[in-house]
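Student: I would like to go through this structure and ask, for each label, what value stands behind it.
Tutor: Go ahead; each answer will set the value against the criterion.

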Amino acid sequence: MEKIERVTLIVLDSAGIGALPDAKEFGDEGTNTLGNIALATGGLNLKNMEQLGLGNITEILGVDEVENAKGAYGKAAELSKGKDTTTGHWEIAGIVQEKAFPTYANGFPKETIEAFEKATGRKVLCNLPYSGTDVLDVYGEEQLATGAWIVYTSADPVFQIAANEEMISLDELYSACKKALEICSDLSPVARVIARPYTGKKAGEFVRTSNRHDYSVEPPIESMLDRVKNSGLDVIGIGKTSDIFAGVGITESRGTNKDNLDGILKTIEELKKDTKGIIFTNLVDFDMKYGHRRDPKGYKLALEEFDNYLPEIMENLKENELLILTADHGCDPTYKGSDHTREYIPLLVYGKKLKENVDLGIQNGFSTIAATVEDLLLGKTNLKGSFADKIIK
């Protein structure tokens, strides 16, 4: 099989495409991020993803099924026991988590909070699951009055620390996050500690800034990224990709401090360079700004913005390159609460040397993406489920 020289892997964070068979166990029966956004907003205008076969995967209002899709299309079922960002991305990179990270429905244990307070010299407010915007309105003024951290979690395995930038420096916040990760690793395991800086003087006016930073635990075993890197190839993380893997397996990182568009433009910029290996982009706004905030209209507009830039992404692919569009979990903005949702992820694959109109069906595991990438970049893989032979001419 002829090798591919570079793979661009773009994760539309949370763009799930229908409930998994075990969704009921997660309280997510009937969820469908893309499908329900379309129904709630009168349809999606995603003509470029439509041409790759998006409408052939499942019914999406406004996205037609096409007779001759330009790419390969399908969906993948998650094998890991979770629905969080870290678990999804790790499985995309070939690491299947048989045991889910714990979550903290009643907040973190007393000993964890006390250890964090002692390590940082500040007290803690909240320590409950909360919406990231609501928590500021409830506790922001108290933080300004007391100087205490706002610590909260969610239905995901995360320890989140909100701090008003006008009172607590980013350096202090980031340092506190590193200490929290060490403490949680010993006492209350999480996938990530997230710095959530914001500004404002009173409830209703607090606004989160773009200085968010994620601190993740390291992957437990070698991933696809390690194997590609160790073969002398490039692994360029764009957006929060490097954070999700704690920098492990990444040769260069291109953070995005603005929005999805910044990530899209940085991806196009990297495509124009003569690197070999992987460009791995995470576009977090779908999840962070629209999924969790249950904003179907905003999600729709963000999807359409990405779709408008897709031709430019495709045009910048060189002759022997591959593009994979996928997701890491769902976050159905029409569903109750503000949690992620347990869903299939879409698979859209395109390249100038790839077959067109290939139905990949339902792939058993996000890890089939890693198996395929390794097959095409390295000429071998020990992972199961590579669909490389189905898509190469």
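Student: Where does Ser223 lie?
Tutor: In this predicted model, Ser223 is in the loop between strand S8 (213-216) and helix H8 (224-230).

Student: Why is Ser223 called buried?
Tutor: Buried means under 20% relative accessible area. Ser223 has 1%, so the residue counts as buried.

Student: Which residues does Ser223 touch, not counting residues up to four places away in sequence?
Tutor: Ser223 touches Ala93 and Ile95. Contact here means heavy atoms within 4.5 Å.

Student: How far apart in space are Ser223 and Leu170?
Tutor: Their C-alpha atoms are 31 Å apart, with the two positions 53 residues apart in sequence.

Student: What is the corresponding C-alpha distance for Arg192 and Val158?
Tutor: Arg192 and Val158 are 34 residues apart in sequence and 5.1 Å apart in space. Val158 is also among the residues that Arg192 touches, along with Pro157 and Phe159. Other contacts of Arg192 include Thr85, Thr86, Asp214 and Lys240.

Student: What makes Arg192 a buried residue?
Tutor: Its relative accessible area is 4%. The cut-off is under 20%, so Arg192 is buried. Arg192 belongs to strand S6, residues 192-199.

Student: Which residues does UniProt mark as "binding site"?
Tutor: The unreviewed UniProt entry places that feature at Asp13, Asp328 and His329. These positions are spread over 317 residues of sequence, yet they cluster in space, with a largest C-alpha distance of 7.2 Å.

Student: Is Asp328 buried or exposed?
Tutor: Asp328 is buried, because its relative accessible area is 0% and the cut-off is under 20%. Asp328 sits in the loop between strand S12 (321-326) and strand S13 (345-350).

Student: What is Asp328 in contact with, leaving aside its neighbours within four places in sequence?
Tutor: Its contacts include Asp13, which carries the same UniProt feature. Val11, Leu12, Ser14, Asp84, His89 and Phe366 are also among the contacts of Asp328.

Student: Which other residue should we place in the loop between S12 and S13?
Tutor: Tyr344 is in that loop. Tyr344 has a relative accessible area of 11%; the limit is under 20%, so Tyr344 is buried.

Student: How far is Tyr344 from Ala77 in space?
Tutor: The C-alpha atoms of Tyr344 and Ala77 are separated by 5.0 Å, although the residues are 267 apart along the chain. Ala77 is one of the contacts of Tyr344; others include Gly16, Pro21, Lys75 and Ile362.

Student: Why is Thr281 called buried?
Tutor: Its relative accessible area is 1%, against a cut-off of under 20%, so the label applies. Thr281 is in strand S11, residues 277-283. Its contacts, leaving aside neighbours within four places in sequence, include Leu9, Ile10, Val11 and Ile238.

Student: What is notable about phi of Cys126?
Tutor: Phi of Cys126 is near 80°, a positive value in a residue other than glycine. Cys126 is found in strand S3, residues 124-129. Phi of Arg294 is also positive, near 50°. Arg294 is in the loop between helix H11 (285-291) and helix H12 (296-315).

Student: How do you know whether Cys126 and Arg294 are buried or exposed?
Tutor: Cys126 has 17% relative accessibility, and Arg294 also has 17%. Buried means under 20%, so Cys126 counts as buried, and so does Arg294.

Student: How do you know whether the radius of gyration agrees with a compact globule?
Tutor: For 393 residues, the compact globule value would be near 21 Å; the chain has 21 Å, so the two agree. Along its principal axes the C-alpha trace spans about 65 × 45 × 40 Å.

Student: What percentage of the residues is buried?
Tutor: Buried residues make up 60% of the 393. The chain exposes about 15,500 Å², of which carbon and sulfur atoms supply 46%.

Student: What share of the contacts with a separation of 6 or more joins residues 24 or more positions apart?
Tutor: That share is 68%. The chain that makes these contacts has 14 helices and 14 strands.

Notes
Residues numbered from 1 in each chain as written. Predicted model: local features only at pLDDT ≥ 70, side-chain atom pairs only at ≥ 80, totals over all residues. Heavy atoms only, no water. Helix = DSSP H or I, 4+ residues; strand = E, 2+ residues; numbered from the N terminus. Rg over C-alpha atoms; globule rule 2.2 N^0.38 Å. Buried < 20%, exposed > 50% of the residue type's maximum accessible area, 1.4 Å probe, protein only. Areas by Shrake-Rupley, 256 points an atom, 1.4 Å probe, with all protein chains shown as cover. UniProt positions renumbered as here; feature names shortened; annotations may be inferred.
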